Structure formats: structure tokens, C-alpha cells
Amino acid sequence: MEVLAALNLGDIAQVFSKMGMFPVFDVAYYIVSILYLKYEPVLHHVLRYLVFYCPLNLFYKCVAFLPVKLVLVALKEVVRTRKIAAGVHHAHHAYHHGLFIMVIVGYVKGSGVALISNFEQLLRGVWRPDTNEILNMSFPTKASLYGAILFTLQESHWLPVPKSTLILIFTLFMVTSKVVMTARHSHGSPFALIESWVCHLLFGSPLGGSEEDHHHAPAAAPSSPLKTKEELSEGARKRKAKKAE
């Protein structure tokens, strides 16, 4: 506690929690969201022209350049945390004791784009259980759920942590995790180890079962047909590039 007092963490968290998101953080959030739509047959709002139709594809090449993309990804996660906290706060005003509603609202605010893609797939007549964000959560979607639970506990005074401090800590976690995953082109999750232990304690499943299954799998066995959305999108992009050539 003395170390935290010396660092003035409370003051830093207070200033950070009141920092405006417009325009830098909001623009970064929208750019990264639309950047992933580059590989999807779906159209979006104002920034889609720069990503899809900029002459010589210059804008896309700039924002897809890894150092620039890492900065944009970090800024996007700052906005995501604020959206989760705001959603829980607004739900708390309407439903003071509705913990479940508070979690759901915060969860949807933090990962609304990913969740709405499920309905978008149904409207297009495409059903992919492997890319369904409810059945197979990506890291941002799962982190939004955990974040909504934490902010709900804080809003209900079950978690004795100032809201500004929680926002700062959760933002640092999200930014660090997402930047590292993006830099390493990783589809893993920082929650994998914790979830493995929880499943082992609650359901008796073996620790690291997926890795053990992988090591004991026959050498001639084909690879799993299930791919992440980013892998499917990357494959579609390469096929389009070959056709264009």
C-alpha cells in the first residue's frame, strides 16, 4: 500500500478514467474494427472507403503495417474497457440489484461487433459453429465477459477497488495482452492456463488436455478443419489475390 501511495496510482487512475476517448481512441477503435472487415464480404460506415477503396491501397498498407497496427490495437482496447465500464454503470442505474443484466449489458458493450456477427451470418444464410462467438469465444469476447463481471462486482460494492483503479488495471491488461498476441500473430488466450485448472477442479478434465491430445495424435491424422475467423479471412484474402493475379 505504501508503494501505491508513493506512485500516486489513485491520482493517475483518476485522470486516466476521465480522459476523453474522442477523437484519437475512437478513430483507432473504428479503424481496427473495419480493418478486420477487409477480408469479409460485408460493408461498413465512413472509414470503409479508406480501407477498401483508397488509391493504390495506401491507407490499408499504412494501418496494416505492424508497428502502426500495434498502436491502433492498443488504442482500441482502451475504448473497449471504457465501453464495458459504461455499460455496467448504465445498467446499474436502471437495475440496482440486477447483477446478471449488468454483466450482459457490459458484455455486449465490449464485444457487440463480434456478437452481432452471429446474427449477420444467419441473415446471409451462413452458419459456422467454429466462428460463432458464443460457442467459440475469441480472446476479446471472453475478456469482455470477464471484465463485465469485474465491473459489476465493483459497481455492486462486492469488489473493494476504486472504479478508476479497476479501469486502469484492466486497460493495461487488455492492451498488453492484445498487443503481444497481435505482434506474435497468436490466436491463443492468456486465460487458457486458468481455465484449464478451473475445468480440472470443477469437471475433472485433464490439465492441458488439448496439448496432450495433439502430442498423442497419429502422425498421419489430418489437421482439424476448424479454423479461427482470422485464419479463414486470411485464406479468403490469399485466394482473392491469386485470382487477381
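This passage walks through the salt bridges, a helix crossing, one long-range pair and a surface patch in a predicted model.

Salt bridges come first. Side chains of opposite charge can pair when their charged atoms come close. Searching the whole structure turns up three such salt bridges. One of them sits within helix α6, where the side chains of arginine 80 and glutamate 77 meet at 2.8 Å, N to O. The two are three residues apart in that helix, which means that about one helical turn separates them. Both ends are tucked away from the surface: arginine 80 is buried, with a relative accessible area of 6%, and glutamate 77 is buried too, at just 1%.

Another salt bridge joins the side chains of lysine 142 and glutamate 195, with an N to O distance of 3.2 Å. Here lysine 142 belongs to helix α8 and glutamate 195 to helix α10 (residues 192-203), so the pair ties together parts that lie 53 residues apart in sequence. On the α8 side, lysine 142 is buried, with a relative accessible area of 17%, because the cut-off for buried is under 20%. Its partner, glutamate 195, has a value of 22% and is therefore partly exposed.

The salt bridge between the side chains of lysine 163 and glutamate 155 spans 3.8 Å, N to O. Again the ends fall into separate classes: lysine 163 counts as partly exposed at 26% relative accessibility, while glutamate 155 is buried at 12%.

Next, the helix packing. Helix α6 (residues 66-94) and helix α8 (residues 139-155) have axes that come within 9 Å and cross at roughly 45 degrees. An angle like that makes α6 oblique to α8. As for handedness, α6 passes α8 in a right-handed crossing.

Serine 33 offers a link across the sequence. This residue is found in helix α3 (residues 24-36) and, with 15% relative accessibility, counts as buried. Between serine 33 and valine 73 there are 9.3 Å in space, C-alpha to C-alpha, although the two are 40 residues apart in sequence.

Finally, the surface. A nonpolar patch is formed there by Tyr95, Phe100, Ile101, Ile104, Val105 and Val108, which together have about 530 Å² of accessible area. Among them, valine 105 is found in helix α7 (residues 99-123). With 30% relative accessibility, valine 105 counts as partly exposed, because that class runs between the buried limit of 20% and the exposed limit of 50%.

Notes
Residues numbered from 1 in each chain as written. Predicted model: local features only at pLDDT ≥ 70, side-chain atom pairs only at ≥ 80, totals over all residues. Heavy atoms only, no water. Patch = residues over 30% accessible without salt bridge, like charges linked within 9 Å, V, L, I, M, F, W, Y side chains within 5 Å. Areas by Shrake-Rupley, 256 points an atom, 1.4 Å probe, with all protein chains shown as cover. Salt bridge = Lys/Arg side-chain N within 4 Å of Asp/Glu carboxyl O. Helix = DSSP H or I, 4+ residues; strand = E, 2+ residues; numbered from the N terminus. Buried < 20%, exposed > 50% of the residue type's maximum accessible area, 1.4 Å probe, protein only. Axes fitted to C-alpha atoms, helices over the stretch in contact; angles between N-to-C directions. Parallel < 35°, antiparallel > 145°, perpendicular 65-115°, else oblique. Left-handed = near helix turned anticlockwise from the far one by under 90°.
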